[in-house]
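User: I am new to this structure. Please show it to me, and then let me ask why things are labelled as they are.

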Amino acid sequence: MRVLVVGSGGREHALCRGLKLDSSVSAVHCAPGNAGIAEIATRHDVVPTDSEAVVALAVRLGVDLVVIGPEAPLVAGVADAVRERGIPCFGPSAAAARIEGSKSFAKHIMDAAGVPTGRSFTCTTPEQVVAALAEFGPPYVVKDDGLAAGKGVVVTRDREAALAHAAGCERVVVEEFLDGPEVSLFALCDGESAVALPPAQDFKRAYDGDEGPNTGGMGAYTPLPWAPAGLTERIMAEVVLPTVAELGRRGIPYTGVLYAGLALTANGPRVIEFNARFGDPETQVVLDRLETPLGQLLLACATGALAGQKPLTSREGAAVTVVVAAENYPDNPVKGDVIAGLEPQVEGAYVLHAGTERRDGEIVSNGGRVLNVVGTGEDLARARAKAYEAVAHIRLRGAFHRTDIAAPTWEDSP
């Protein structure tokens with residue numbers, strides 16, 4: 001099987017790595033990829049949101065499967081264009097990707113499907129925002145209705161900050177704050193059937209102790225030793241399957257991964273958001289533990305054959321990833337600095353590239369989240385120690401990372 005992965009971040013590096021480990025995959029291509037991906041896949045200089053260019057590349061390469069990583073190409077309809085050429089594609093249609101592309105649309109789907117989530121108001125005027133903030137009170141949750149690369153959400157007790165964020169968006173969703181530990185669950189879907197990957201937890205704030213601005217994610221870990229028994233089964237029954245069924249009733253079959261971001265409240269799981277693609281950086285740890293061959297699994301989703309697959313299996317142990325971010329991330333990250341210390345130096349740990357490029361023979365930073373350092377071990381403590389030991393070898397001027405990813409506070413969680 002020949003596979004084309006669309007995208008250039010740490011998620012795509014993890015996907016390419018997983019595909020490379022599948023013995024049924026004979027060739028992995030990536031468009032456009034990054035410096036790390038180039039070591040395991042053939043890179044192609046194609047803009048991910050350019051449907052015609054992606055289709056032309058897939059046809060020229062004769063691939064058997066296209067896997068679309070980021071949300072922007074999905075919302076732009078790249079998956080639709082690929083399927084129209086008769087090529088199996090892992091990734092939802094533009095219509096289905098609205099589950100992420102529009103927070104308001106996602107709320108409508110959840111309401112219709114009876115999916116547990118927070119109350120909300122969709123606002124298009126300052127007056128509506130003021131009324132919504134007054135309705136819910138602090139902490140205020142204000143979300144840009146459209147795509148914002150993981151940085152369109154403000155959660156704050158500062159009313160003026162909430163109003164300022166809303167003023168910078170054309171349309172916002174203001175919703176009640178959902179209190180409780182957060183969980184990310186990926187469900188693989190083929191339009192009718194769905195199966196769950198093991199849940200993970202990520203860290204959205206830039207700095208230790210969940211301080212600082214929201215980011216695309218500063219680290220993640222799996223498994224969740226504190227998670228209630230039967231959590232995955234409950235989320236599938238109450239959230240994923242009703243959502244997929246509701247989309248199907250509307251003539252919008254969902255093919256790809258449905259990412260449910262949830263808060264485990266005192267009243268049970270509540271959906272914070274849906275994404276139409278693998279979460280980043282949770283993918284890096286979830287795929288590390290996946291034992292089922294990735295290429296065959298994604299192809300089954302793309303061809304409507306998921307129901308015939310054997311139950312998914314995952315390796316024992318744990319995985320932790322720590323994001324190394326560039327100076328000034330997430331506001332205006334500095335690019336072009338040389339990165340050193342990337343060679344494998346710690347057994348049980350490895351580096352996935354997120355925002356990197358090769359220039360004049362050296363690997364340099366080319367994004368906000370530059371690297372994902374993954375540590376593995378028989379338990380979370382050992383996996384965490386491996387990840388941070390490997391982080392210590394990396395040298396990048398001005399870079400920073402959180403030091404509390406997967407810190408042993410899970411014992412205090414429900």
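**Labels and their reasons**

Analyst: Asp210 has a relative accessible area of 46%. The model is a predicted one.

User: Why is Asp210 called partly exposed?

Analyst: Buried means under 20% and exposed means over 50%. Asp210, at 46%, lies in between, so Asp210 is partly exposed.

User: Why is Arg402 called buried?

Analyst: The relative accessible area of Arg402 is 1%. Buried means under 20%, so the label fits Arg402.

User: How do you know that Asp210 forms a salt bridge with Arg402?

Analyst: The closest N and O atoms of Asp210 and Arg402 are 3.0 Å apart. The cut-off is within 4 Å, so the pair counts as a salt bridge.

User: Why does this pair tie together parts that are 192 residues apart in sequence?

Analyst: Asp210 lies in the loop between β13 and β14, and Arg402 lies in the segment after β24, so the pair ties those parts together.

User: What makes Arg382 and Glu378 a salt bridge?

Analyst: Their closest N and O atoms are 3.6 Å apart. That is within 4 Å, so the pair qualifies.

User: Is Glu378 buried or exposed?

Analyst: Glu378 has 61% relative accessibility. Exposed means over 50%, so Glu378 counts as exposed. Arg382, at 44%, is partly exposed.

User: What makes β21 and β22 a pair of strands?

Analyst: Four bridges join strand β21 to strand β22. Pairing needs at least two bridges, so these strands pair. They run antiparallel, and Glu357 stands opposite Val364 in β22.

Terms used:
Residues numbered from 1 in each chain as written. Predicted model: local features only at pLDDT ≥ 70, side-chain atom pairs only at ≥ 80, totals over all residues. Heavy atoms only, no water. Salt bridge = Lys/Arg side-chain N within 4 Å of Asp/Glu carboxyl O. Buried < 20%, exposed > 50% of the residue type's maximum accessible area, 1.4 Å probe, protein only.
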